[in-house]
Amino acid sequence: MEAAARGGVVNKADMIEQIAQAAEVSKSAAERAVDALVGAIKSSLRKGEMVTLVGFGTFYVSHRKARSGRNPHTGEALTIAAAKAPKFRAGKALKDAIN
């Protein structure tokens with residue numbers, strides 16, 4: 001199914017196909033490259049490192065403090081635990097490319 005038919009959503013398989021065509025490599029080689037990139041980013045974030053791809057953007061970990069909240073169904077007060085969240089900040093070249 002083409003991305004336009006899904007409302008503009010590009011999934012991993014679509015991305016692999018585009019990379020394979022652009023780099024003139026097999027789909028399996030493109031898939032290994034995508035998996036390696038994602039794995040390297042995850043590994044670096046797990047260690048608390050920032051990943052900067054110049055011209056594209058920066059992946060980093062944000063730390064959320066513990067806070068209180070309410071269960072929307074019962075209204076009961078509860079404590080939401082502290083957590084780490086992956087974040088992405090787009091670089092100038094990426095912002096310029098889409099505007």
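Which residue is the bridge partner of G57 in β5? Keep that question in mind as we work through this predicted model.

**Exercise 1. Find the partners of G57 on its two sides.**

Step 1. Start with β5: here the bridge partner of G57 is A90.

Step 2. Now turn to β1, where L53 stands opposite G57 of β2.

Step 3. Put the two together: G57 has A90 as its partner in β5, and L53 faces G57 from β1.

**Exercise 2. Work out how β1 and β2 are joined.**

Step 1. Locate the strands: β1 covers residues 51-53 and β2 covers residues 57-64.

Step 2. Look at the pairing, which is antiparallel and runs over three bridges. One pair to look for is V51 with its bridge partner F59 in β2.

Step 3. Follow the chain through the turn. Three residues lie between the strands of this hairpin, and G55 takes a positive phi near 90°.

**Exercise 3. Build up the whole sheet.**

Step 1. Recall a general point: strands of a sheet pair through backbone hydrogen bonds, either parallel or antiparallel.

Step 2. Add β5, residues 83-90, which is antiparallel to β2 and joined to it by eight bridges.

Step 3. Write down the order. The open sheet has three strands, arranged β1-β2-β5, with antiparallel pairing. Its edge strands are β1 and β5, since each pairs on one side only. From one strand to the next, the twist averages 25°.

Step 4. Place the helix: α2 packs on the sheet and touches β1, β2 and β5. The direction of α2 makes about 40° with that of β2.

**Exercise 4. Describe the largest pocket.**

Step 1. Begin with the general idea: rolling a probe the size of a water molecule over the atoms shows where empty space is left.

Step 2. Note the volume of the largest pocket, about 210 Å³.

Step 3. Find the lining residues in the structure: N11, K12, M15, I19, A33, V34, L37 and V38. Two elements, α1 (12-23) and α2 (27-46), give two or more residues each to this lining.

Step 4. Which element gives the most to the lining of the largest pocket? The answer is α2, with four residues.

Step 5. Sort the lining by character: six residues are nonpolar, one is polar and one is charged.

Methods. Residues numbered from 1 in each chain as written. Predicted model: local features only at pLDDT ≥ 70, side-chain atom pairs only at ≥ 80, totals over all residues. Heavy atoms only, no water. Pairing = 2+ DSSP bridges. 1 Å grid on protein atoms, 1.4 Å probe; cavity = no way out; pocket = protein on both sides within 12 Å on 5 of 7 lines; lining within 4 Å. Points joined across faces, edges and corners; volume = space filled by probe spheres on them. Nonpolar A, V, L, I, M, F, W, Y, C, P; charged D, E, K, R; others polar. Axes fitted to C-alpha atoms, helices over the stretch in contact; angles between N-to-C directions. Contact = heavy atoms within 4.5 Å.
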